[in-house]
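User: I would like to go through a helix and some charged contacts in this model, with the reasoning spelled out for each point.

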Amino acid sequence: MEIIKWGIIGCGNVTEVKSGPAFQKAPNSALVAVMRRDAALAEDYAKRHNVPKWYSNAEDLINDPEVDAVYIATPPSSHKEYTILCAKAGKPVYVEKPMALTFEECNEMINACKEHNVPLFVAYYRRALPRFLKIKEIIDQGKLGTIRHVNCVLYHPFEARYDDEINLPWTVLPHISGGGIFVDLACHTLDFLDFVLGPIKSVRGHATSQLMAYPAEDAVSMSFLFENGIHGSGIWNFASFERYDNTEIVGDKGKISFSTFGNDPLHIQYANGEKETITIENPLHIQQPFIETVITELLGKEGASPSKGTSAARTTWVIDQVLKEFRTSKL
């Protein structure tokens with residue numbers, strides 16, 4: 001193949017700017033079909049984005065002979081089902097994050113794709129963003145020395161849309177999302193730490209619902225230990241008075257601070273007192289650099305995509321450890 005022809009299952013908000021147009025703008029790529037259960041919305045998306053075909057049934061899109069690979073952009077509750085269908089059809093899969101509801105589901109997806117010799121990619125696209133690759137470069141070059149510990153803090157105020165019990169967003173309905181806003185957002189930070197520092201081998205944590213406004217957790221604290229001995233801690237809270245987003249990676253020669261979300265500058269401080277600030281803007285279609293790595297791999301060119309099912313499953317395992325007690329209390 002000289003070009004990868006994509007189909008999207010679930011052409012919702014995330015596909016409007018973050019990802020969808022990237023499949024049309026990336027080299028050697030074309031978006032040929034989209035699917036949404038509401039046929040009118042699928043048609044509307046297709047016409048607005050100049051996509052030739054639209055479907056209201058996922059299997060019809062998967063079995064379309066013109067579709068080479070499938071991007072699954074639905075909520076996590078259907079990721080396993082659609083991934084297995086794609087695997088059986090021999091279609092490479094690019095699935096949104098978090099990868100699935102549980103680590104067990106992730107392994108079912110990995111095994112299905114392995115059985116049918118189908119590549120499985122997961123949309124932890126920070127692994128390919130220039131801003132985050134700069135952080136990895138600084139660490140890999142040893143500018144911070146030996147990394148000792150990591151601290152993650154993310155908090156948001158409570159939003160009115162979570163106060164409507166009848167029309168709650170799916171992101172706070174555990175049977176659809178796997179958890180709450182913590183699962184939706186913290187997975188990006190945890191996956192990036194896996195990318196730059198290696199796998200996490202041990203996790204301890206607490207999750208509670210401080211406001212009890214929805215079924216999912218709204219407050220999480222955790223400590224974790226990487227395989228290489230680096231220590232980590234984190235606080236995520238979604239009932240605070242303001243927004244704050246900061247991760248700090250500390251070595252014995254310096255530290256770097258950055259936000260997971262947005263375009264905030266990278267702040268570096270060295271042991272000799274010197275400070276450095278680096279600003280790198282994210283692209284408009286924020287998933288495009290990562291999507292290009294997927295296309296490169298699918299075309300058999302030099303280079304491999306940095307986020308696969310096996311690495312993404314590790315992040316879901318970490319989340320499972322933290323939420324285990326809270327989930328059990330809800331049974």
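The questions and answers below deal with a predicted model.

User: What span does helix α8 reach from its first C-alpha to its last, and on which residue is its kink centred?

Analyst: Helix α8 covers residues 181-197, which makes 17 residues, and its reach from first to last C-alpha is close to the 24 Å expected at 1.5 Å a residue. The helix nevertheless carries a kink of about 35°. The span is 24 Å, and the kink is centred on C187.

User: Is α8 largely enclosed by the rest of the structure or largely open, and how many of its residues are buried?

Analyst: A residue counts as buried when its relative accessible area is under 20%, and D194 in α8, with 6%, is therefore buried. Because nearly the whole helix falls in that class, α8 is largely enclosed by the rest of the structure, the count of buried residues being 16 of the 17.

User: Which residue just after α8 takes a positive phi?

Analyst: The backbone directly following the helix has a phi of about 100° at one position. That residue is G198.

User: Which helices does the salt bridge between D194 and R314 tie together?

Analyst: The two side chains meet at 2.8 Å, N to O, within the 4 Å that defines a salt bridge. D194 lies in one helix and R314 in another, residues 309-329, so the pair ties together parts that are 120 residues apart in sequence, and the helices are α8 and α10.

User: Which residues are joined into one network with D194 by salt bridges that share partners?

Analyst: D194 is buried at 6% relative accessible area, whereas R314 is partly exposed at 32%. Shared partners extend the contact into one network, whose members are R127, D191, D194 and R314.

User: How many residues apart in sequence are the parts tied together by E108 and K80?

Analyst: The side chains of E108 and K80 form a salt bridge at 3.2 Å, N to O. E108 belongs to helix α5 (residues 103-115) and K80 to helix α4 (residues 79-88), so the parts they tie together are separated in sequence by 28 residues.

User: In which strand does K53, the partner of E66, lie?

Analyst: E66 and K53 meet through their side chains in a salt bridge of 3.4 Å, N to O. E66 sits in the loop between α3 (58-62) and β4 (69-72), 13 residues from K53, and the strand holding K53 is β3 (residues 53-55).

How values were computed: Residues numbered from 1 in each chain as written. Predicted model: local features only at pLDDT ≥ 70, side-chain atom pairs only at ≥ 80, totals over all residues. Heavy atoms only, no water. Helix = DSSP H or I, 4+ residues; strand = E, 2+ residues; numbered from the N terminus. Expected span 1.5 Å × (residues − 1). Bend = angle between axes of the 7 residues up to and from the residue. Buried < 20%, exposed > 50% of the residue type's maximum accessible area, 1.4 Å probe, protein only.
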